[in-house]
Amino acid sequence: METAMMKDLQKKYEELVDLDKAHFLHPTSSIKQHQENGPAFIFTEGEGIYLKDIQGNKLIDSLSSLWNVNIGHGRKELGEVAAEQMGKLGFASTFATWSHEPVIRLAQKVAEMTPGDLNTTFFTSGGSEANDTAFKTVRHYWKLKGQPEKKKIVSRKKSYHGVAMGSTSATGLKPFHDFTTSIAPDFHHVDSSADALRAFIDEEGAETIAAFITEPVQGSGGVNLPPDGYFQEVQQICKENNIIFIMDEVITGFGRTGKTFGSDHFNIVPDIMCIAKGITSGYAPLGGMVLTERLYKELIDLSGDGMFMHGYTYSGHPVSCAVALKNIEIIEREGLVEHVREMGEELLRGFEMLKQEHDSVKDYRGLGLLGAVGLDAGTEEPIAPKVVSECFKRGMIGRAVVYDGQDTLAFAPPFVITKEQVQEMIDIVHESLVAVEKDL
Ligand code: PMP
């Protein structure tokens, strides 16, 4: 009986692998590897910090999938709220001033949560669209102000801002540029120092620069914390030069760093904040651009009878908005931001242990549950991908960052992780490092 069931399952697995290879072009992956090996995982369900795949593996999701499943997997409440919203109003347009209650309530909630006078949100389906919306909005703004030549977008090297045409161009990681023949004009990347930004402004002229965009903590580029005092100085430079300051809080927003927003750590109120991922914990696609009251009032005054000629079909999707409201309610109800702070300290203690025990661990860093371990085994090739393979054998999905010669392991587990589970994660990394070091 059991073998018959296992045979069926194996057959289904093989069928899905073949179909996946034939019909599914995967995002950010090697086509060759996909064609040779098929999909690395076919997930079937999730619970808390764990994912299960079709072959019966139970795996710790150490990056909350894509730094987004913050409240953890398998939250039935979100399914219920989505079903209720779909049954009532599955979709309605928000173009041409049409509206609905979930989007209104969520916009109000975001205004309440974001720092300072960040009070008005334009909704998108994700982070790339949020950043593209910000770039178009700042150019629109300067055009309305009679300064259409003020259009350059400046970002930092090693930044990640998404993969739409504008957000790819702002992303400061070369492989994303090399994928295509050229990035959009008027996008520039600077080193992560206030002096580098100053030098760029001196060279190009403030009258040509629309905005500066940065993540509070660089995520996909290797979990890089900002230099001390960097944001305060950079914001001052932007103010002095009439450059709009955009914070990309797509990873850091809604509690990931142990405060509601990354900006809260640095007492920064950006002119524009971009959000996504954690607003729904990934249960439904949603992102947004939040404007300060000052900027929005100016836009109102400058717009006159003109239209805001930008909008996505799914701007303010009612189901995504209802899911976001419930997700935020859960974060608040369970005190998860506070818990992230505590677990973040556990994670750093674990990293310190790894550093003590392994010569190949060079350094570590973290803010809340956003952390990384820097490796250096003295080898030509980075070892992080090998460590990740070993972690998988021991029941954990890990993430290696190898851009720009880095050799880094990134961590961003779900907020609901316990002290014991942090230790379990660290133990797996420890054993994996032992296995990799043995073969060096
Ligand atoms: N900005 C940051 C900081 C991100 O980490 C990401 C996604 N990893 C994006 C933007 C793009 O978001 P999305 O993939 O939802 O378009």
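Two residues are in contact if their C-beta atoms, placed from the backbone, lie within 7 Å. Keep that cut-off handy for the exercises below, and remember that this is a predicted model.

**Exercise 1. Work out how domain 1 and domain 2 meet, and which elements of domain 1 do the touching.**

Start with the division itself: domain 1 takes in 41-71 + 335-438, while domain 2 runs over 76-333. Their C-alpha centres lie 27 Å apart. Now apply the contact rule across the boundary, and you get 26 residues of domain 1 in contact with 26 residues of domain 2.

Next, sort the domain 1 side by element. At least two residues each come from α3 (64-67), α13 (336-357), β12 (371-375) and β15 (408-411). The top contributor is α13, with five residues. Finally, look at the chemistry: this side of domain 1 has 15 nonpolar, eight polar and three charged residues.

**Exercise 2. Find the largest nonpolar core and say where it lies relative to the two domains.**

Step one is the head count: the largest nonpolar core has 108 residues. The ones with the most contacts inside it are Ala211, Phe212, Ile246, Ile272, Cys274, Val323 and Leu409. Step two is to ask which helix feeds it most, and that's α12 (residues 318-333), with eight residues. Step three settles the location: domain 1 and domain 2 both give residues to this core, so it lies between them.

For a close-up, pick Ala211. Skip anything up to four places away in sequence, and Ala211 still touches Val138, Ile153, Ile243, Ile244 and Ile246.

**Exercise 3. Decide whether helix α1 has the length its residue count predicts, and whether it is buried or in the open.**

Helix α1 (residues 2-23) has 22 residues, so at 1.5 Å a residue it should span 32 Å. The C-alpha atoms at its ends are 31 Å apart, which agrees. For burial, the number of buried residues among the 22 is zero, so α1 lies largely in the open.

**Exercise 4. Describe the shell around the ligand.**

Count first: 16 residues surround the ligand, and the closest are Gly126, Gly127, Ser128, Gly162 and Val250. Then trace them to an element: helix α6 (residues 127-144) gives the most to the shell, with three residues. Last, split the shell by type, which yields five nonpolar, nine polar and two charged residues.

**Exercise 5. Trp67 and Asp404 each have a positive phi; place each one and work out how buried it is.**

Take Trp67. Its phi is positive, about 55°, although it is not a glycine. Trp67 is found in helix α3. With 24 other C-beta atoms within 10 Å, it passes the threshold of 20 or more, so Trp67 is buried.

Now Asp404, another non-glycine, with a positive phi of about 55°. It lies in the loop between β14 (399-401) and β15. Here 13 other C-beta atoms fall within 10 Å, so Asp404 counts as partly exposed.

**Exercise 6. Characterise the surroundings of Ser169.**

Locate it: Ser169 is in helix α7 (residues 165-170). Check burial: there are 26 other C-beta atoms within 10 Å, so Ser169 is buried. List its contacts, leaving aside neighbours within four places in sequence: Ile183, Ala184 and Phe187. As a last step, go 50 residues along the chain to Gly219, whose C-alpha atom is separated from that of Ser169 by 17 Å.

Key. Residues are numbered from 1 along each chain as its sequence is written. This is a predicted model: local features need pLDDT of at least 70, side-chain atom pairs count only at pLDDT 80 or more; totals for chains, interfaces and linings use all residues. Helices (H or I, at least four residues) and strands (E, at least two) are DSSP runs, numbered from the N terminus. The expected span of a helix is 1.5 Å times one less than its number of residues. A residue is buried if 20 or more other C-beta atoms lie within 10 Å of its own, exposed if 12 or fewer, and partly exposed in between; C-beta atoms are placed from the backbone. A residue is near a molecule or strand if its C-beta atom, placed from the backbone, lies within 6 Å of it. Ala, Val, Leu, Ile, Met, Phe, Trp, Tyr, Cys and Pro count as nonpolar, Asp, Glu, Lys and Arg as charged, and the others, Gly among them, as polar. A nonpolar core is a set of buried Ala, Val, Leu, Ile, Met, Phe, Trp, Tyr and Cys residues joined through C-beta atoms within 7 Å. Domain bounds come from an automatic or database domain assignment.
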